[in-house]
Amino acid sequence: MDELGIGYSALCKVNPSIIHASVSGYGASGPYAQRAGYDAIAAAEAGLLHITGERDGPPTRPGLGLTDMSTGLFLHGAILTALFSRQKTGKGQKIDASLFESQVALLANVAMSWLNVGEVAQRWGTAHPSIVPYQAFKTKDSYLVLGATNNRQFQLLYNRARVKNRNELTEVLEKIMLSKSTDEWMAKLEGNSGKTYGTQYTL
C-alpha cells in the first residue's frame with residue numbers, strides 16, 4: 001500500500017481521522033513481511049498443529065480455517081476499538097494484524113504452561129489434558145462427547161484421581177458408552193420428558 005501511495009502515512013496527512021487496517025501473513029515489517037500468508041502454514045509455524053490430532057497421530061489441521069477466521073475477528077475488535085477512540089480524540093489509527101501473531105495469541109494457555117512449569121503441549125485428540133472425562137466416546141450408533149468439568153459433576157462416576165487414572169477410566173467408559181445409542185445416552189444424561197438430571201449422572 002505504501003508503494004502505491006495509499007498507505008497510512010500518506011492517507012493520514014489528507015485525513016487525520018482515517019482508520020487504516022491491514023492483514024498479512026507475518027506482519028507489516030520484519031524479515032517475513034513480504035512472505036505470502038496461508039492458514040495451515042501459519043498454524044503449523046505458530047504451534048497449533050503440534051497440539052492438534054490424536055495422541056499418537058501426526059499433526060492435524062483443524063476442519064476449518066481457524067487462523068484465518070481468528071485473525072479477522074481480532075482485526076474486527078481492533079477496528080471497533082479504534083472507532084471508539086476516534087469518537088473521543090478525533091484521531092485515526094493504523095492497525096496491522098497477521099496470521100502468525102493471531103495464532104501465537106490463541107495458544108496463550110499453552111505458552112503459559114511452558115513458561116511457568118516447562119510443560120510441553122501434547123496432542124490429545126478430543127480429550128483434555130486436565131479434565132477427565134472430556135472427550136468423544138463411541139456409542140452403539142455414533143459418537144457422543146461426554147464431559148464432567150468438575151468433581152461435583154463427577155462424583156457419581158468416579159473419584160478425584162480421575163486425571164491420574166485417565167487411561168483406566170477411559171477404557172471403562174469406552175465399554176460402557178458402547179452399550180447404548182447416542183440418543184439413549186442423551187436422554188439419560190440430559191434428562192427426558194421434562195425431567196432434569198442436573199449434574200448427577202448415572203451410567
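Over residues 192-203, pLDDT (the predictor's confidence in each residue, from 0 to 100) stays under 50. For this stretch the model has 22 contacts beyond four places in sequence, a contact meaning heavy atoms within 4.5 Å. This is a predicted model, in which local features need pLDDT of at least 70 and side-chain atom pairs count only at pLDDT 80 or more, while totals for chains, interfaces and linings use all residues. Residues are numbered from 1 along each chain as its sequence is written, and side-chain values use heavy atoms, with hydrogens and water left out.

Let us step back to the whole protein. Its mean pLDDT is 85, and 88% of its residues reach 70 or more. The protein has 8 helices and 4 strands; these are DSSP runs, numbered from the N terminus, with helices (H or I) of at least four residues and strands (E) of at least two. Following the sequence, you meet them in the pattern α-β-α-α-β-α-α-β-β-α-α-α. Among these elements, the highest mean pLDDT, 97, belongs to helix α3 (residues 66-89), and the lowest, 58, to helix α6 (residues 151-154). Of the 203 residues, 29% count as buried, which here means under 20% relative accessible area; exposed means over 50%, and partly exposed lies in between (1.4 Å probe, protein chains only). Among contacts between residues at least 6 apart in sequence, 62% join residues at least 24 apart.

Now look at helix α3 again, this time with a partner. Two packed helices are described by the angle between their axes and the distance between the axes. The axes of α3 and helix α4 (residues 99-106) come within 9 Å and cross at roughly 95 degrees. Axes here are lines fitted to C-alpha atoms, for helices over the stretch in contact, and angles run from 0 to 180 degrees between N-to-C directions. The two helices α3 and α4 are therefore roughly perpendicular to each other, since angles of 65 to 115 degrees count that way, with those under 35 roughly parallel, those over 145 roughly antiparallel and the rest oblique. On the α3 side, T67, D68, S70, T71 and F74 take part, and they meet L99, S102, Q103, A105 and L106 in α4. The residues of this contact divide into 4 nonpolar, 5 polar and 1 charged. In this grouping, Ala, Val, Leu, Ile, Met, Phe, Trp, Tyr, Cys and Pro count as nonpolar, Asp, Glu, Lys and Arg as charged, and the others, Gly among them, as polar.

Charged side chains come next. Side chains of opposite charge can pair when their charged atoms come close. A search of the whole structure finds 4 salt bridges, each a side-chain nitrogen of Lys or Arg within 4 Å of a carboxyl oxygen of Asp or Glu. One of them joins E45 and R35, whose closest N and O atoms are 3.0 Å apart. E45 sits in helix α2 (residues 39-45), and R35 is found 10 residues away, in the loop between β1 (20-24) and α2. E45 is partly exposed at 37% relative accessibility, and R35 is partly exposed with 37% as well.

Helix α2 also supplies D39, which forms a salt bridge with R61, at 4.0 Å between the closest N and O atoms. Because R61 lies in the loop between α2 and α3, this pair ties together parts that are 22 residues apart in sequence. D39 is buried, at 9% relative accessible area, whereas R61 is partly exposed, at 43%.

A further salt bridge brings together E171 and K175 (4.0 Å, N to O). Both lie in helix α7 (residues 166-177), 4 residues apart, about one turn of the helix. E171 is partly exposed at 45%, and K175 counts as exposed at 58%.
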